[in-house]
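Please look through the sequence and the model below before reading on. The paragraphs that follow walk through it region by region.

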Amino acid sequence: MHNFNSGPSILPKEVFQQASEAVLNYNNSSLSILEIGHRTPMFESILHEAQSLVKELMALDNNKQVLFLHGGASTQFFQIPMNLLDEKAMAAYLDCGTWGTKAIKEAKLFGKVDVVASSKDRNYSYIPKDYQVPDNAVYFHYTTNNTIEGTQMHAIPETNVPLVADMSSDILSMSLDFNRFSLIYAGAQKNIGAAGVNIVIVDEAMLGKVSRPLPSMMDYREHIKNGSMLNTPPVFAVFVCMLTLRWLKAKGGIAGMEGINRKKAALVYDTLDSLPLFQAPVAKEDRSLMNVVFRIDDPVLEKEFQQICRDNNMYGFTGHRSVGGFRLSLYNALPYESVVAVTDLMKDFAKKKG
Ligand SMILES: *Cc1c(COP(=O)(O)O)cnc(C)c1O
């Protein structure tokens, strides 16, 4: 099976193996990972290892706190402005797709939002480049990789305003200076682990500046104070993250992943560019290394190619329900062989139909 799902998505085979063993007998304890207390040394060591692997792999400074929180990336859309944006203050947002649009909608509930640029005019098929982030913005929010539209920011924008980034679909996939960000968040289910947990990396200096009272569960400072165990964390989801992080480290860390990810993406895009039967709508310089979107103009041929993919054990290759067409997600755990397999099908199909 070749799994191109966009999320929840493919994880390393080793991780599935280790996770299933732990469900039956965690670390020879005769207990399942699902029945241990979260305030036991067993779970504490899992959480601490996961936190320190994130710090190590992303080379984070000591002022960065790593939290594992509930609620999906969508909860961060409102938890961030709740913690950082006062009612009279303003935050700048870049509008590059479905997820960014949702983040903007939620931020407006808490303060002023300045949408500095949008690529909506061309169906989010590119990343806007000429914009200014106003100096008085409390933070500048953007989505590093637009999972649905298939665009990606390949460089960190030049601004002195603190950066907040939704990295749900490209965290740990390529090297970046992660210390440039004041807050990074990512739902785990795309590139890190199982659904049910978010990674939030926050610079403590950003916190405690808003005047509104915060419910404890929404207050990052409470989570930091309690070592990311303010309440019961999603124990199993954190464990799967920890296993994937270990796997990633053994594979050469983020730099190792980036090398393979660039090879995978190059093969798909080179194939698309060489076959006029397929249309890739995204501006070349903004193409995502993680989610490749394309179409076949003729709906009959499109259906036919979908069937061929299914017949050849391809899974999760259709575009998001809002855009249609095809989408191949090439996350860290997707082997190069899967990309070879699908591009071979594309070449065969184009030869027959061209
Ligand atoms: C999937 C995704 C989300 C939403 O994640 P949930 O965990 O389902 O809330 C947000 N942002 C991006 C970039 C995503 O890819």
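Is L172 buried or exposed? In this predicted model, L172 is buried, with a relative accessible area of 3%, and its place is in the loop between β8 (163-166) and β9 (181-187). The backbone of L172 deserves attention as well, since this residue has a positive phi of about 65° although it is not a glycine. N123 is another non-glycine residue with a positive phi, here of about 50°, and it belongs to the loop between β4 (112-118) and β5 (140-143). N123, however, is exposed, its relative accessible area being 67%, whereas L172 is buried. A further backbone feature is found towards the start of the chain, where the peptide bond from G7 to P8 is cis, with omega near -10°; P8 sits in the loop between β1 (2-3) and α1.

From the loops we can turn to the nonpolar interior. The largest nonpolar core has 61 residues, and of these V54, M58, F68, L94 and F140 touch the most other members. Helix α6 supplies the largest share of this core, 11 residues. Around F140, leaving out residues up to four places away in sequence, the contacts are A92, Y93, L94, V116, Y131, V133, P157, T159, V161, P162, L163 and V164. Another core, of 31 residues, lies apart from the largest one and includes I10, F294, L330 and A350.

The helix α6 (residues 235-250) also packs against α7 (residues 253-274), at an angle of about 75° and with the two axes 7 Å apart. An angle of 65 to 115 degrees counts as roughly perpendicular, and α6 and α7 are therefore roughly perpendicular to each other. On the α6 side the contact is made by W247, L248 and K249, and on the α7 side by G253, I254 and M257. Sorted by class, the contact of α6 with α7 comprises four nonpolar residues, one polar and one charged.

Helix α2 (residues 41-57) reaches this region through L57. Leaving aside neighbours within four places in sequence, L57 is in contact with L245, L248, K249, G253 and I254. The pair L57 and I254 is separated by 197 residues in sequence, yet their C-alpha atoms are 6.6 Å apart in space. L57 has 14% relative accessibility and therefore counts as buried, the cut-off being under 20%.

Two loop residues give further contacts between distant parts of the sequence. R39, in the loop between α1 (13-24) and α2, touches E44, M229 and L230 when residues up to four places away are not counted. R39 and T232 are 193 residues apart in sequence, with a C-alpha to C-alpha distance of 8.6 Å. S228, for its part, is found in the loop between α5 (220-225) and α6, and, with the same sequence neighbours set aside, it touches L47, Q51, L67, F68, H223 and P233. S228 counts as buried, at 4% relative accessibility.

The cysteines complete the picture. C96, at 3% relative accessibility, counts as buried, and C241 is likewise buried, with a relative accessible area of 0%. With a disulfide taken as a pair of cysteine sulfur atoms within 2.5 Å, the count comes to zero disulfides.

Note on methods:
Residues numbered from 1 in each chain as written. Predicted model: local features only at pLDDT ≥ 70, side-chain atom pairs only at ≥ 80, totals over all residues. Heavy atoms only, no water. Axes fitted to C-alpha atoms, helices over the stretch in contact; angles between N-to-C directions. Helix = DSSP H or I, 4+ residues; strand = E, 2+ residues; numbered from the N terminus. Parallel < 35°, antiparallel > 145°, perpendicular 65-115°, else oblique. Contact = heavy atoms within 4.5 Å. Nonpolar A, V, L, I, M, F, W, Y, C, P; charged D, E, K, R; others polar. Buried < 20%, exposed > 50% of the residue type's maximum accessible area, 1.4 Å probe, protein only. Core = buried A, V, L, I, M, F, W, Y, C linked by side-chain atoms within 4.5 Å.
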